[in-house]
Amino acid sequence: MPSLCDAFRSIPMRFKMEPDINLMKEVPELYVWPQEDQLGVEAQSYGDGDGDCGTPVIDLQGEFGCVVEQVRVACEKCAVFQIVNHGVEKELVDRLNKQSHRLFSLPLDQKMLARRSPDGTTGYGVVRIANFFTKLMWSEGFTWVGSPSHHAKLLWPHDYQGFCDAVEEYEKAMKKLARKLFSVILQSLGIKGRHYARWCEDEEGCAGALQMNHYPSSPCPSQTMGMAPHTDSALLTILYQGGVEGLQVKRSDGAWMLVPALPDAFVVNIGDLLQVISNGRYKSVVHRVVNNRRDRFSSAYIWGPPLNAVIEPAAEVVDSKHPRLYRSLTWHEYLVARAKHFSTALQLFTTTPVENLT
Ligand code: OGA
Ligand code: NI
């Protein structure tokens, strides 16, 4: 079975972590983004609370049928929602957050000991989408795929266990939650076939990555960009905002809406592969992160299918009124295409592909 590394090997990353933005008192030219982007948390609105724009908050301990219906409405209207009463212990979330602070507060040369290799998946570095932008982002990230122990030992040769325990326990909890959410989402689409339902069970093979992000306080948030606009490439993403705002989603009218950082809630967003499975009924939402005058730490758990599993619109969502929009693909194929074409990659897999991208 191909690995996430295989998918990235063909397109190495440019690596740009120096100088250390944690130490900068002014914004260098390379980090100044175009002004029309309305950057900075203060410049943003929250939307009106429902409809196309607010972020619905769903209580996962509510009555099951009611949760399914709330998820359907949220996915169709907003493609992003928040969940509370999700069953993940607050103690675990706090512990992970603490370890994330510990990690990013290391000096740059120490973090560089555990940097992600150009074709690798785990390690310290800029987000992969940095390749597609000429300006640099005001953030640093650490991606964890599989066991964290190798990289954690590079960072703390004598004191890595607490970090590894937190990451492993958190990943386990996220995997369980992702499977539960996926099951609700399949129900909300009326998808009953075994092909996808299998992934709701405790089977190995579904791939996940934990992306820890740090957005250092910005000397001028209206000039810097924490994370540039993108969609997530997997099935779904479960994000912890660490109590500090910065995440924005793009509304259908093009305006950016700030997602409130509610205590004890996770933000869930639909990824590109779920857009394919739902035949475009649920959209993979474009989002970005703006900066603050204070540090922000977030953790995104990105959950995807086995890398070589067939992904295609489910039979239950295709009919004469809703003709099939996407060809069959695997996550592996999609990641390779995305590493090359970024935001236009999904168009390659539509039933009417855009010629000049191939
Ligand atoms: C991501 C992402 C949002 C955040 O890691 O893909 O969109 O708030 N993160 O850090
Ligand atoms: Ni994202």
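Buried means under 20% relative accessible area. Keep that cut-off at hand for the exercises below, which use a predicted model.

**Exercise 1. The two faces of a strand**

Task: Find which residues of strand E11 point one way and which point the other way, and decide whether they are buried or exposed.

Solution:
- Step 1. Locate strand E11, which covers residues 287–290.
- Step 2. Look along the side chains: His287 and Val289 point one way, while Arg288 and Val290 point the other way.
- Step 3. Check the accessibility on both sides: His287, Arg288, Val289 and Val290 are all buried.

**Exercise 2. The neighbours of E11**

Task: Work out how strands E6 and E8 are joined to E11, and which residues stand opposite His287 and Val289.

Solution:
- Step 1. Begin with E6, residues 225–230: three bridges join this strand to E11, and the two run antiparallel.
- Step 2. Pick out a pair here: His230 stands opposite His287.
- Step 3. Turn to E8, residues 247–250, which also pairs with E11 in the antiparallel sense, over three bridges.
- Step 4. Pick out a pair again: Val289 in E11 is the bridge partner of Leu247.

**Exercise 3. Around ligand 1**

Task: Identify residues that surround ligand 1, and find how far polar side-chain atoms of Asp232 and His287 lie from an oxygen atom of the ligand.

Solution:
- Step 1. Look for residues you have already met: those surrounding ligand 1 include His230, His287 and Val289.
- Step 2. Add some others, among them Gln211, Tyr215, Met227, Arg296 and Ser298.
- Step 3. Read off the distances. For His287, a polar side-chain atom is 3.0 Å from a ligand oxygen. For Asn213, a side-chain N or O atom is 3.2 Å from an oxygen of ligand 1. For Asp232, the distance from a polar side-chain atom to a ligand oxygen is 3.3 Å.
- Step 4. See how much of the ligand is covered: ligand 1 taken alone exposes 290 Å², and the protein buries 95% of that.

**Exercise 4. Buried or not?**

Task: Explain why Ser100, Cys78 and Cys164 count as buried, and state how many disulfides there are.

Solution:
- Step 1. Place Ser100 in helix H3, residues 90–104.
- Step 2. Ser100 counts as buried because its relative accessibility is 0%.
- Step 3. Name its contacts: leaving aside residues up to four places away in sequence, Ser100 touches Met212 and Phe297.
- Step 4. Cys78 counts as buried because its relative accessibility is 12%, and Cys164 because its value is 3%.
- Step 5. A disulfide needs two cysteine sulfur atoms within 2.5 Å. By this rule, the count is zero.

Conventions:
Residues are numbered from 1 along each chain as its sequence is written. Chains are lettered from A and ligands numbered from 1 in the order in which they are written. This is a predicted model: local features need pLDDT of at least 70, side-chain atom pairs count only at pLDDT 80 or more; totals for chains, interfaces and linings use all residues. Side-chain values use heavy atoms; hydrogens and water are left out. Buried means under 20% relative accessible area, exposed over 50%, partly exposed in between (1.4 Å probe, protein chains only). Helices (H or I, at least four residues) and strands (E, at least two) are DSSP runs, numbered from the N terminus. Two strands pair if DSSP finds at least two bridges between them. A residue is near a molecule or strand if one of its heavy atoms lies within 4 Å of it. A polar contact is a pair of N or O atoms within 3.5 Å; within protein, one must be able to donate a hydrogen and the other to accept it, and residues adjacent in sequence count only if both atoms are side-chain atoms. Accessible areas come from the Shrake-Rupley method with a 1.4 Å probe; for residues, only the protein chains shown count as cover. Contact means heavy atoms within 4.5 Å.
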